[in-house]
Amino acid sequence: MQLSEQEIVRREKLTKLREMGINPYPAALYPVDATSKSIKNDFEEGKKVVISGRLMSRRIQGKASFAELQDSEGRIQVYFNRDEICPDDDKTLYNDVYKKLLDIGDIIGIEGELFTTQVGEKTVMVKNFSLLSKSLKPLPLPKVDDEGKVYDAFNDPELRYRQRYVDLVVNPHVKDTFIKRTKITNSIREFYNQKGYLEVETPILQPIPGGAAARPFLTHHNALNIPLYLRIANELYLKRLIVGGFDGVYEFSKDFRNEGMDRTHNPEFTVMELYVAYKDYNWMMDTTEKLLEKVAIDATGSSKVKVGDHEIEFKAPYPRVPILEAIKIHTGYDVAEMDEDELRDVAKKLDIEVDETMGVGKLIDEIFGEKCEHHYIQPTFIIDYPKEMSPLTKEHRTNPRLTERFELMVNGKELANAYSELNDPIDQRERFEDQLKLSEKGDDEAMFIDQDFLRALEYGMPPTSGIGIGIDRLVMLMTNNSSIQEVLFFPQMRPEKKQVELTEEEKVVLDILKPQVEMPLTNLKEKAGLSNKKWDKSTKSLAKHGLIKVEKTEDALLVKYTG
């Protein structure tokens, strides 16, 4: 492990602290009785407090020093005075420990008294302090010049998501997103609990990945010697509970889908699913409107939420638009009576990429997704989906080609999916068999046949309505974030590249190339000023490590920075 100069210095300080008999990682309880927020809210001159937090800045002026301490609720100014901390002749605690051996980022505990400075700043006068955890890596703190301009901010998304623990320390506003996330889930729980619905837990490891059309993750159980899947949805287990006699059940579930990653998709995500007996999708639309209006007010203080350039109004009611009508409005094609071949032709005319594995349901889904979805910025229920798109949904009461299903669109994306649930076991079996045919055609997202779920339906499931709400996307809306990675503490990341040890010659080449990103090989070689032998060795090594790439153009050889 190669250490930076600062890391070496911090480890040397660690050794000195231990030589002085100071444990830099003590085990004993530290009796904190106040926070930065409680001090400011309930300030009393002269009040004694015990606080702890991370040392974030300090201004040492001889025998006195002002510093900032950051805890879970913000920052507070603290004042170190040598004679207050060291009233006797021994000034080691201030002169050596505080001034020389503490670093920005160290976690310390402080016993002190409150006072107000001459400029009105609420401050803690330090009477005693303890080192609670020595920081061995320097924090990437931003720098602010005299004009208020910020430099070296820790804002590289790759680093922020990979090192969220650092992101939370140096970018305090990030914490607000996750506090709001908790408010959102608590608001949903409160809404459903007041209605008497029961929060439950269902299996994550499942013998059959049912309840959605998606590609699953596959694993193996050694003791049972069977394949198991990470759940793609919890729907079929929650419906089993409705069969068992519960009138309303819901679950916040971690689901997993072995698919691509982008700004709105993570392979591991959170969904809230609710199932209520003796209800239908019309009732569920009414209920969902009331829920989201409450969530918006609880999380943001208003039913109107700023999302990008839009102000989204979550106050009920929301428009209800049949999906086939939406396609007709936005494409000009009436696809209501079209078969698979006709739909494929329409998709091609609309420049939508399709293949032979797609059935009627998937083709309609692609057309809607590509040409219609983005138009629905304000909350809108898209309703009455064709039967081929909805293998778990009850047939529409007035049109046997359709189902009683809706998707809630907000800001051009699906937020929720809901049905009047199919409870006819014979019809359900036929729908599963249709999905099996799609699977045989090559559709790797087609649903499996869950024989145990069919058996449960044969015992009788009451009329039921169910909904799934994407919690990550809901949090994105309520916090005005356009990337799902911003609302997940630890989003899935590509494997971290191993740090490459560079020679001085390789560093010279990269220092020249990086700002330009690409340049002609002859120009780069001339600027580097290396001998032919060192040039060849350096560029071959950089290319081997994937840091540069040489491409042949019509005019010359071009070197590109790819690190």
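I count a contact where heavy atoms lie within 4.5 Å. I take helices (H or I, at least four residues) and strands (E, at least two) as DSSP runs, numbered from the N terminus. The model I am reading is predicted, so I note that local features need pLDDT of at least 70, side-chain atom pairs count only at pLDDT 80 or more, and totals for chains, interfaces and linings use all residues. Residues are numbered from 1 along each chain as its sequence is written, and side-chain values use heavy atoms, with hydrogens and water left out.

**Entry 1: helix 8**

I looked up how helix 8 is placed. I call a residue buried under 20% relative accessible area, exposed over 50%, and partly exposed in between (1.4 Å probe, protein chains only). Helix 8 covers residues 235–243, and 7 of its 9 residues are buried, so the rest of the structure largely encloses this helix. The buried ones are Glu235, Leu236, Tyr237, Leu238, Lys239, Arg240 and Ile242. I then asked which elements the buried residues of helix 8 pack against. They are strand 9 (205–206), strand 12 (248–256), strand 13 (268–277), strand 19 (413–420), helix 14 (451–458) and strand 20 (464–470). After helix 8 comes Gly245, with a positive phi near 115°.

**Entry 2: the sheet with strand 9**

I next followed strand 9 into its sheet. Two strands pair if DSSP finds at least two bridges between them. Strand 9 belongs to an open sheet of 3 strands in the order 9-11-10, with antiparallel pairing. Strand 9 and strand 10 (218–221) are at the edges, and each has a single partner strand, so one side of each lacks a neighbour in the sheet. Strand 9 and strand 11 (residues 226–230) run antiparallel and are joined by 2 bridges. In one of these strands I found Gln206, whose bridge partner in strand 11 is Tyr229.

**Entry 3: the barrel and Val78**

I traced a barrel closed by 5 strands in the order 1-2-3-5-4, with mixed pairing. Strand 3 (residues 74–81) pairs with strand 5 (residues 122–133) in the parallel sense over 3 bridges. The bridge partner of Tyr79 in strand 5 is Met125.

Is Val78, which I found in strand 3, buried or exposed? Val78 is buried, because its relative accessible area is 0%. Setting aside residues up to four places away in sequence, I list among its contacts Ile51, Phe66, Leu69, Ile110, Val124 and Val126. Val78 and Leu114 are 36 residues apart in sequence, and their C-alpha atoms are 9.1 Å apart in space.

**Entry 4: a hairpin**

I found strand 22 (residues 548–552) and strand 23 (residues 557–561) paired in the antiparallel sense over 5 bridges. A hairpin of 4 residues joins strand 22 to strand 23. Ile548 stands opposite Tyr561 in strand 23.

**Entry 5: two loop residues**

I located Glu353 in the loop between helix 11 (340–349) and helix 12 (360–371). Glu353 is exposed, with a relative accessible area of 72%. Apart from neighbours within four places in sequence, Glu353 is in contact with Met358 and Glu366. The C-alpha atoms of Glu353 and Glu370 are separated by 9.8 Å, and these residues are 17 residues apart along the chain.

I placed Phe489 in the loop between helix 15 (471–479) and helix 16 (504–516). Phe489 is partly exposed, with a relative accessible area of 39%.
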